[in-house]
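Visitor: Could you take me on a close look at one part of this structure? I'd like to get to know a single loop and then see what lies beyond it.

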Amino acid sequence: YVVVHPNWWAMPPAMLKGWIDRVFCQGVAYEFGEAGAVVQHLAGKRAVVFTTSNTPRDLEMQLFGDPLENLWKNCIFGFCGVEDFHRRNFESIVLSTPEERAEWLATVRQTVRDRFPRVA
């Protein structure tokens, strides 16, 4: 899985939240087994999430921590069984230069290549 989205008020945009609700749903990505145990249907899968924000990282961490890391790593992918998880946030978009954005795109390309090698 590869997910890309902006950070809007420490959350994905509403349209993406709706997609999460429809795709990572009970009976598809997980279900409850005996005694309420969670059966994780995405075990063995990989996930990479790229996010963007305007708040500089040090200020974001000081004020809010990293709610998107918790959301994707633990609440969504972790709950459904994905342990091979990686997330990278790019910031500050509003203050970035074209050269920085080009470097970020190169980082995205390399990360996807590294995390999802082609099968020969």
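Guide: Let's settle one word before we start: "contact" here means heavy atoms within 4.5 Å. Also keep in mind that this is a predicted model.

Now find the loop between β1 (2-6) and α1 (14-23), where Trp-9 sits. Asn-7 belongs to the loop between β1 and α1 too. So are these two buried or exposed? Buried means under 20% relative accessible area, and exposed means over 50%. Asn-7 has 15% relative accessibility, so it counts as buried. Trp-9 has 80%, so it counts as exposed.

Stay with Asn-7 for a moment. If you skip its neighbours within four places in sequence, Asn-7 is in contact with Thr-52, Ser-53, Glu-60 and Leu-68. With Glu-60 there's a polar contact, side chain to side chain, at 3.3 Å.

Trp-9 has its own story. Together with Trp-8 and Met-11, it forms a nonpolar patch on the surface, and the three share about 470 Å² of accessible area.

For nonpolar residues that are buried, turn to the largest nonpolar core. This core has 16 residues, and Phe-24, Trp-72 and Phe-77 touch the most other members. At least two residues come from each of α1, β4 (46-52) and α3 (67-80), with α3 giving the most, five residues. Take Phe-77 as a last stop: leaving aside neighbours within four places in sequence, its contacts are Tyr-1, Val-3, Phe-24, Ala-47, Val-49, Trp-72, Val-82 and Phe-85.

Technical notes
Residues numbered from 1 in each chain as written. Predicted model: local features only at pLDDT ≥ 70, side-chain atom pairs only at ≥ 80, totals over all residues. Heavy atoms only, no water. Patch = residues over 30% accessible without salt bridge, like charges linked within 9 Å, V, L, I, M, F, W, Y side chains within 5 Å. Areas by Shrake-Rupley, 256 points an atom, 1.4 Å probe, with all protein chains shown as cover. Salt bridge = Lys/Arg side-chain N within 4 Å of Asp/Glu carboxyl O. Helix = DSSP H or I, 4+ residues; strand = E, 2+ residues; numbered from the N terminus. Buried < 20%, exposed > 50% of the residue type's maximum accessible area, 1.4 Å probe, protein only. Polar contact = N/O pair within 3.5 Å; in protein donor to acceptor, adjacent residues only side chain to side chain. Core = buried A, V, L, I, M, F, W, Y, C linked by side-chain atoms within 4.5 Å.
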